[in-house]
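Biologist: I would like to learn how to read a model residue by residue. Please show me the structure, and we can begin with burial.

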Amino acid sequence: MLRARLATAAVAIPALLALILVPSRWPLAVFVAVVGIIGVAEYATMAFPAQRGERFLTMALGTLLTLGACAQAIYITPTPHWLGAALVLTVSAGLVWTLLARADFERGLADLGVAFVGILYVGFLLPHFLFLHALPLGPRWVIFVLAIGMAGDTGGYAVGHLIGRHKLMPRVSPGKTVEGGVGIVAGSLLAAAICKLLFLGDLGWTEAMVLASVMAIIGQLGDLSESVMKRTFGAKESGWLFPGHGGVLDRIDSLLFPVSFLYYYIVFFR
């Protein structure tokens, strides 16, 4: 397992850095769109394994919202035309589907709610990587998010396996421990310090440590939230795309809350 995780990381990290640092935002936008579409497909497959129509609806509307959000990040306008249009179409089409295709509309509306959770979780939160990338020093902030996420994951994995004894939330994720959670925070703090020293010199030490701590905590909440989805749907992993890492959702679950938080923190408070 560890060897597969390291091999996957050795390939993924340089590729991600190249996408983030290339002058054009298009390659990163295409990558985010593809990851989002795969992530929505994983969610739809978990949520509706035996309901072909609802699975197709979730994938189609999730793809629509992902592409609309990515387009919004590329074609920056004073008002969110692309994202707004995608949201309107997503909500409208979902409700019309329930009206016309589901005779059991009570259950159909409940299924639509389940579908919307996955559509928004992936299709709206993931493109915040592009929104963050578009800000001043955006590529550096994107690397900051990824560094904290990867270092936290490594710290949590190492500490949890070495000294993890106390279960964090056994009903949600039996393998996660309180000690591993502390390791995630420690790894995140170390990554934030390195990022500050290397390329975020204007970031104060207190601000860097507070941001890293908050992102580590909400990243764990995001991870556990995705675990709730998997437990609810009876899935062990969201997919098998990344050897040793599971599926797309298993890789981005601890990043979606932090990247969204950091984007709005910078927009409103910096």
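Modeller: Thr98 counts as buried because its relative accessibility is 5%. The scale, taken with a 1.4 Å probe on protein chains only, calls a residue buried under 20% relative accessible area, exposed over 50% and partly exposed in between. Before going on, note that this is a predicted model: local features need pLDDT of at least 70, side-chain atom pairs count only at pLDDT 80 or more, and totals for chains, interfaces and linings use all residues. Residues are numbered from 1 along each chain as its sequence is written, and side-chain values use heavy atoms, with hydrogens and water left out.

Biologist: Where does Thr98 sit, and what does Thr98 touch?

Modeller: Helices (H or I, at least four residues) and strands (E, at least two) are DSSP runs, numbered from the N terminus. Contact means heavy atoms within 4.5 Å. Thr98 is in helix α4, residues 81-101. Leaving out residues up to four places away in sequence, Thr98 touches Phe105, Gly108, Leu109 and Leu112.

Biologist: Thr90 is in α4 too. Is Thr90 buried or exposed?

Modeller: Thr90 is buried, because its relative accessibility is 4%. Beyond four places in sequence, Thr90 touches Leu61, Leu64, Leu65, Phe116 and Ile119. Look at Ile119: it is 29 residues from Thr90 along the chain, and the C-alpha atoms are separated by 8.8 Å.

Biologist: How do I read a nonpolar core, and how many residues has the largest one here?

Modeller: In soluble globular proteins, nonpolar side chains tend to be buried together. A core here is a set of buried Ala, Val, Leu, Ile, Met, Phe, Trp, Tyr and Cys residues joined through side-chain atoms within 4.5 Å. The largest nonpolar core has 63 residues. Those with the most contacts inside it are Leu126, Phe129, Leu132, Trp141, Phe144, Val145 and Leu262. Helix α2 (residues 26-47) gives the most to this core, with nine residues.

Biologist: Which residues do Leu126 and Phe144 touch?

Modeller: Neighbours within four places are left aside for both. Leu126 is in contact with Val32, Val35, Gly36, Tyr121, Ile252 and Leu256. Phe144 contacts Ala192, Cys195, Leu200, Leu203, Met215 and Leu262. Phe144 lies in helix α7 and counts as buried, because its relative accessibility is 0%. The C-alpha atoms of Phe144 and Ala41 are 28 Å apart, with their positions 103 residues apart along the chain.

Biologist: How do I read a helix crossing, and at what angle do α8 and α9 cross?

Modeller: Fit axes to C-alpha atoms, for helices over the stretch in contact; angles run from 0 to 180 degrees between N-to-C directions. The axes of α8 (residues 178-198) and α9 (residues 205-233) come within 8 Å and cross at roughly 140°. The crossing is right-handed, that is, the near helix is turned clockwise from the far one by less than a right angle; anticlockwise would be left-handed.

Biologist: Which residues meet there?

Modeller: From α8, they include Gly181, Ile184, Val185, Ser188 and Leu189; from α9, they include Trp205, Ala208, Met209 and Ala212. The residues of this contact divide into eleven nonpolar, four polar and one charged. Ala, Val, Leu, Ile, Met, Phe, Trp, Tyr, Cys and Pro count as nonpolar, Asp, Glu, Lys and Arg as charged, and the others, Gly among them, as polar.

Biologist: Now strands. In what sense do β1 and β2 pair?

Modeller: Two strands pair if DSSP finds at least two bridges between them. Strand β1 (residues 167-169) and strand β2 (residues 173-177) are antiparallel, over two bridges. A hairpin of three residues joins β1 to β2. Lys167 stands opposite Thr177 in β2. Met169 lies in β1 and is partly exposed, because its relative accessible area is 38%. Past four places in sequence, Met169 contacts Pro174, Lys176 and Leu224. Met169 and Leu224 are 55 residues apart in sequence, yet 8.4 Å apart from C-alpha to C-alpha.

Biologist: And loops? What is phi of Leu137?

Modeller: Most residues other than glycine have a negative phi. Phi of Leu137 is near 60°, a positive value. Leu137 lies in the loop between α6 (128-133) and α7 (138-163). Leu137 is partly exposed, because its relative accessibility is 37%.

Biologist: Which loop holds Arg25?

Modeller: Arg25 lies in the loop between α1 (2-21) and α2. Arg25 is partly exposed, because its relative accessibility is 22%. Not counting residues up to four places away, Arg25 touches Ala73, Ile74, Ile76, Leu130, His133 and Ala134. From Arg25 to Ile74 is 49 residues in sequence and 7.1 Å in space, C-alpha to C-alpha.
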